[in-house]
Amino acid sequence: MEDTPSQSDHYRSSSSSASSPTAARPPRDSNFYYLRKPGPAMLRRPISFEDSPEWGDDPEIDVNADELAAESIHVGTTTVSPSLSKVNSVSVSGASPTPGLSEASRRIAGASIVWRDLSVNIREKRRYSERVVKNSTGYALPGTLTVIMGPARSGKSMLLRALAGRLPHSARLYGEVFINGTKSQMPYGSYGYVDREDVLVDCLTVREMLYYAALLQLPGFFAEKKSAVEEAIQAMSLGDYADKLIGGHCYMTGLPYGERRRVSIARELVMRPHALFIDEPLYLLDSVSALLLMVTLKKIASTGCTIVFTMYQSSTEVFGLFDRICLLSNGNTLFFGETLACLQHFSNSGFPCPIMQSPSDHFLRAINTDFDRIIAMCKTLQDDHGDFSSVNMDTAVAIRTLEATYKSSADSAAVESMIGRLIEKEGPRLKSKGRAGFSTRIAVLTWRSILVMSRKWNYFWMRLMLYLVLTLSIGTIFTNLGHSLSSVTVRVSAIFSFVSFMMLLSVSGLPAHIDELKVHMHEEANQHTGALVYLLANLFSSIPFLFLISISSTLIFYFLVGLKDEFSLLMYFVLNIFMCLLANESLMMVVAYVWLDTFKCTMTLIFLNVIMMLVAGYFRIHDALPQLWKYPLSYLAFHTYCIQGLLENEYVGTSFAVGEIRSIPGVMAVRGSYDISASENYKWFHLLILLVMAIGYRIILLLLLCFNVRRCILKCDLCWFNKSSTA
């Protein structure tokens, strides 16, 4: 502790004269946002984001005097931010409601969230060794914005997940979490969680996206769900984008990052949650979009919703909107309390914030260990490029000093006292709001998938065009074959080429499957849907598209090649191709889930299709294959059963004349090129095998989704990456 002043002297610049409460303050008319006292001078401030026309009249919040005293723990020691004084003001006069928020959304009953001595351990090599959050204590109150701030790998997201009850299976939680004074987890429908990455359906409009989310999440009548959607659109100021496609179309550009982020938050607001957890709400946003989004969140918080979110850093204007801050570094809590008290805490610890610097930048500069590398680089440049002493500070010393100062400060004692009052008396228990029924969710996902497939050109329209071009090419190459004995071998080649390349071109639908799986994994994490619901909906929605592809391609090929002109045989041909496509589609979904990467999935499927083509019995008769390739590879290739069924459909019961008297059965003529059965009913057995394979691959995918095998694959990839990086 004795070396702290000397270390902080290096960090102070000549402009940081406001290092203590007794230091000189900036002029009253300067753009100094976060240390101005409320009063008449506020009326003469030159710049304030409260003057935005979006802000409008502020909502009126009726707060009991005792509740107000319990909620404000630093009233006597800290000043009130001017940007927050207007938003959090308590008034008894009539005030108009906030524009964009309906009457129903202004009556949200928030939830008080308390965490005490919370620690999170991550399991590595079957042991819980790494502690990413260490004895964190804090609280979040209704109607407030609570930010969890810190550098990368400080435990922000893990703490947020712990509060929301969304920790991964590899994590173990220690400590206590209280919801309205009761030690419990938040039930379904009482909270919303927004991930860092926006996982949206690009082929839907904003209103459609929210409407389908409401149908999946909410029970009750359609009118109520539609009302919830319109309220969410108004709350997030998405009225101008409500009927625009999220991902754009043709020459129309998609939604900007800021609006996409708003849609992700609005999807959770449809449930009218008591609490909202957001991981990095300003991720990939510019300064203007970030400010507009935070002002919108401040509006939503003013309706009573409890909002907790993580953030790496923010501008000065955004920082002024926060009510409380939880500052983390390497899992340690360096401060929890009101935002202005955090500035005072840094000043008391010997690390005051310079006047012209953003508070969040100053916090991260002091506690981010990555700056040590910058210091080392600056020392090498000091002789040639001047003095770099302003950044010459050991962050480890700053972290230890800030943590020790906070533990012995009045702020920490005030937090403990406030937590004691919050958990002393139990509040109302949050109840699950219920969800849509099983059959309803299947119907909603089926209809949404059909709509997405019809709009997504790379799933259906491009595949249909490729299939038609392929079928025309093969059909014109093998046209006018006739029905002589010499045409049998050529017709077998035509059928093999048609089936093999039809399956190979199915790879073009991979990107759509990957996008749909990502949306499902996000919705399943938020408990909006389940694995069985997703698989059944995907199956029902894919049937009309695959059948249309089957019948359009088959009609062209069938008549160009000149197969037997019987309706029953034509229908079997269509059904056989449809079952083969369905089995191939199921295999594609399994591979897409395993990798979730277009390049890896494409290479894997091309390799599997080539192997199945080799062992399908065309290049070498099935019985003549080596045992290594015959068992089990040839029996796992759906090409084998598809081609056998089509050949049996064409040649069983036929005969070819050899000379004027003798004739041979069609089966004997084909067996020189392909091994088929002489039974007329055996083709239906092959069709049944294709159906079993299509269902079997989907059952495999169901098991993978239920046991979350994707998590194990990610851990293996991470271990391999760590080994390769350390080698």
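R116 is partly exposed, with a relative accessible area of 25%; partly exposed lies between buried, under 20% relative accessible area, and exposed, over 50% (1.4 Å probe, protein chains only). The model is predicted: local features need pLDDT of at least 70 and side-chain atom pairs count only at pLDDT 80 or more, while totals for chains, interfaces and linings use all residues. Residues are numbered from 1 along each chain as its sequence is written, and side-chain values use heavy atoms, with hydrogens and water left out.

## Salt bridges

R116 pairs with E176 through a salt bridge of 2.9 Å, N to O. The term salt bridge stands for a side-chain nitrogen of Lys or Arg within 4 Å of a carboxyl oxygen of Asp or Glu. This pair links distant parts of the chain, since E176 belongs to strand β4 (residues 171–179) and R116 to strand β1 (residues 113–124), 60 residues apart. Helices (H or I, at least four residues) and strands (E, at least two) are DSSP runs, numbered from the N terminus. E176 is also partly exposed, at 22% relative accessible area. R116 and E176 join K183 in a network of salt bridges.

Side chains of opposite charge can pair when their charged atoms come close. The whole structure holds 16 salt bridges, including the three in this table.

| Pair | N to O distance | Separation in sequence |
|---|---|---|
| E176 and R116 | 2.9 Å | 60 residues |
| R260 and D202 | 3.3 Å | 58 residues |
| R207 and E230 | 3.0 Å | 23 residues |

In the pair of R260 and D202, R260 sits in helix α7 (residues 257–269), and D202 in the loop between β6 (191–194) and α5 (206–217). R260 counts as buried because its relative accessible area is 16%, whereas D202 is partly exposed at 35%.

R207 and E230 form a salt bridge between two helices: R207 is in α5, and E230 in α6 (residues 222–235). R207 is partly exposed at 26% relative accessibility, and E230 is partly exposed with a relative accessible area of 26%.

## The chain as a whole

The protein chain contains 26 helices and twelve strands. Of its 727 residues, 53% are buried. Its accessible surface is about 32,900 Å², and carbon and sulfur atoms account for 60% of that; accessible areas come from the Shrake-Rupley method with a 1.4 Å probe, and for residues only the protein chains shown count as cover. A contact means heavy atoms within 4.5 Å. Among contacts between residues at least 6 apart in sequence, 78% join residues at least 24 apart.

## Nonpolar cores and a surface patch

A nonpolar core is a set of buried Ala, Val, Leu, Ile, Met, Phe, Trp, Tyr and Cys residues joined through side-chain atoms within 4.5 Å. In soluble globular proteins, nonpolar side chains tend to be buried together. The largest core has 118 residues, and the members that touch the most others are F277, M294, I307 and L327. Beyond its neighbours within four places in sequence, I307 contacts T144, L145, T146, L276, I278, L297, I300 and A301. A separate core of 85 residues includes F573, M589, V591 and C601.

On the surface, I606, V610, L614 and F619 make up a nonpolar patch with about 340 Å² of accessible area together. A patch takes residues with over 30% relative accessible area and no salt bridge, joining like charges within 9 Å and nonpolar side chains (Val, Leu, Ile, Met, Phe, Trp, Tyr) within 5 Å. V610 is part of helix α21 (residues 598–614) and is partly exposed, at 37% relative accessibility.

## Helix α18 and a loop residue

Helix α18 covers residues 510–525 and contains H522. Its 16 residues should span 22 Å at 1.5 Å a residue, and the end C-alpha atoms are 23 Å apart, which agrees; the expected span is 1.5 Å times one less than the number of residues. Among the buried residues of α18 are L510, H513, L517, H520 and H522. H522 counts as buried because its relative accessible area is 8%. Leaving out neighbours within four places in sequence, H522 contacts D195, V199, R267 and E268. Just after α18, Q527 has a positive phi of about 65°.

E680 lies in the loop between α24 (666–670) and α25 (682–706). E680 counts as exposed because its relative accessibility is 58%. Its C-alpha is 8.0 Å from that of N649, although the two are 31 residues apart in sequence.
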